[in-house]
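Please report on the fold of this protein and on the shell around its ligand. Add a short look at one loop residue.

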Amino acid sequence: MKIWDAIVVGSGPNGSMAAKKLTEQGLKVLMLEAGPPVEPHTAYGNFVKNGFKQLYRHFKSKRQEQQKSHPTYWATNPDLFVDDIDNPYTHPDDKPFRWIRGRQLGGRSLTWDAVTPRLSDYEFQAAKLDGFGPSWPIKHADLASYYDEIEQLLEVHGSKDGLKELPDGNYLEPKAMTAGERAFKERVEKKYSKAKVLISRGLSATRSPTSPLSVLWNVLKDAQKTGRLTIRTGAVVSKISGDQVEFIDSEKLSQEYAKAKVIFLCASSLESVRILLHSNLGTDSGVLGRYIMDHSAGNVYFYMPELGRNQKPAPLLGSDSILIPRYQNLETQDSKHLRGFGIWGGIGRLPVPRFLHKHRDAAIGFLCARSETLPHHDNRIELSRTLKDKWGIPAAHITCEWKPEDIAIAQAGREAALEIVQAAGCVPANVTDLFHTPFVSGHINKMQKEWKLSTPGMFVHEVGGARMGDDPKGSVVNPFGQLWDAKHVFVTDGACWPTSGWQNPTLTQMAITARGCDRAIEELKRLNL
Ligand SMILES: Cc1cc2nc3c(=O)[nH]c(=O)nc-3n(C[C@H](O)[C@H](O)[C@H](O)COP(=O)(O)OP(=O)(O)OC[C@H]3O[C@@H](n4cnc5c(N)ncnc54)[C@H](O)[C@@H]3O)c2cc1C
């Protein structure tokens, strides 16, 4: 059997980053991706077809009951979200978990919102201040050059604000705020000394075939240009044994194998842990599968009277949105809750046609308080003893609930968002009081409660399960993402996160993956792998 230099499992932001880094340094790489290929001109479907599919699946086939709970499901091609029947998982009845996934080349980079703030040392070293959980074995300085490189590659826009709590990056010019956002910023910063309203750091993109939203059109393309990348789609990885990766052909259901000197597991946080559990790898520490996290979110919707008059809706994605970075518990523990939250939002940007607005002259806005959640030993993923997916692989059983410490941060976040909205002279309202919502008002009313305190998983920033550390006793991988008990296997997606921070995680995950690749190359050169 051919022995590849490297196998990369998954083709989302992390798998694509690994493929780019490894091929550009001369390695012959096989990428195994469970989902199908995607073509730019058909990836996002079209308004009519998407609407038909969404409604059919909502009312009739019920094949995407978890996926449809995410608002983005309704804003794009629902085929970019998994089929929940083919890809089942379980959770205790009283501990719901919403596992929002995409199985296709490019992973969830086709559906993400592309907001890309860096983590600061207030997150990496948070436990030094409050003693909860571990600190990371790395700091911002370890990732700084990788952040720079990836921001340039993805063409991240943003402002340089000189804030220690939100390190500046290698940005293109910041995008413009809307009229509503400019007024909001002025009013908020007049009343609050700590809360800064910034234009977001992120990609300038849309969910359309001509937009560079997905890593497919930049990161993966660079890897393909080297001529050293072989992509195998429809390859559902089941387990790793030694240097061998076992996978199932998604159509033929046949079992196949591939071998490599180095294996990068980038199937997304919980999928990577599921593969490790099934492979019985990384189990020595006793913490594999444990300490899974997501962010919790609390949304506040509102309108600003008069400020929407004659305004066209502005884009809402990536750099086209606003951000209030975390301002609590930075140098000292100054709040009742631990850690903190940042607030993301937009005014005059929600993509709802004007004829559906109930307040025609108002600018409609939302703030989403996005809170850190803490690592808890019993928030975990295990393998189901009975349930298997369509390909015969044991399904995940996910137990994750917000504990009192998490709820305290989330409540403080949502209360702060509400207070800020009111202090800025805006009027909070339910979504159904802002828009006419034919056909889906029942669903929206049902979901409103969840938008006030998101169910675990719902924010799609799930991390943890194979955390990194300095000591094999309490961690699954070392600071480079290498399994302590199988040094040729790197787990560099969100699975290796010891804590969640409050920032959107993907940029930092990609930086950790890129750093892991450099480590793999060095180790291969030294013949250590
Ligand atoms: C609506 C939405 C908005 C988001 N907004 C943001 C944002 O603004 N900023 C941000 O930082 N993050 C955001 N995220 C989260 C972001 O998408 C993820 O953090 C990111 O995609 C993780 O990258 P990944 O490569 O680890 O996983 P994925 O992107 O999930 O890719 C994993 C890939 O692995 C494949 N795979 C899974 N299992 C197997 C297997 N057994 N065998 C082979 N292949 C497998 C999958 O098919 C998939 O292609 C958002 C997500 C969603 C859904």
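In what follows, Ala, Val, Leu, Ile, Met, Phe, Trp, Tyr, Cys and Pro count as nonpolar, Asp, Glu, Lys and Arg as charged, and the others, Gly among them, as polar. The model is predicted.

**Ligand shell.** The ligand is surrounded by 42 residues. The closest are Gly-10, Gly-12, Gly-107, Asn-504 and Thr-506. The table splits the shell by class.

| Class | Residues in the shell |
|---|---|
| Nonpolar | 16 residues |
| Polar | 20 residues |
| Charged | 6 residues |

Four elements each supply at least two shell residues: helix 1 (13-24), strand 8 (235-241), helix 9 (269-279) and helix 13 (506-525).

**Overall fold.** The protein has 13 helices and 19 strands. Its C-alpha atoms fill a box of roughly 70 × 55 × 45 Å along the principal axes. The radius of gyration is 22 Å, which agrees with the value near 24 Å for a compact globule of 529 residues. Of the 529 residues, 53% count as buried. Among contacts with a separation of 6 or more, 73% join residues 24 or more positions apart.

**Asp-361.** This residue lies in the loop between strand 13 (341-347) and strand 14 (363-371). Is Asp-361 buried, exposed or partly exposed? Asp-361 is partly exposed, because 14 other C-beta atoms lie within 10 Å; the partly exposed class falls between 12 or fewer and 20 or more. Leaving aside neighbours within four places in sequence, Asp-361 is in contact with Glu-306, Gly-308 and Arg-309. Glu-331 is 30 residues from Asp-361 along the chain, and their C-alpha atoms are separated by 43 Å.

Technical notes: Residues numbered from 1 in each chain as written. Predicted model: local features only at pLDDT ≥ 70, side-chain atom pairs only at ≥ 80, totals over all residues. Near = placed C-beta within 6 Å. Contact = placed C-beta atoms within 7 Å. Rg over C-alpha atoms; globule rule 2.2 N^0.38 Å.
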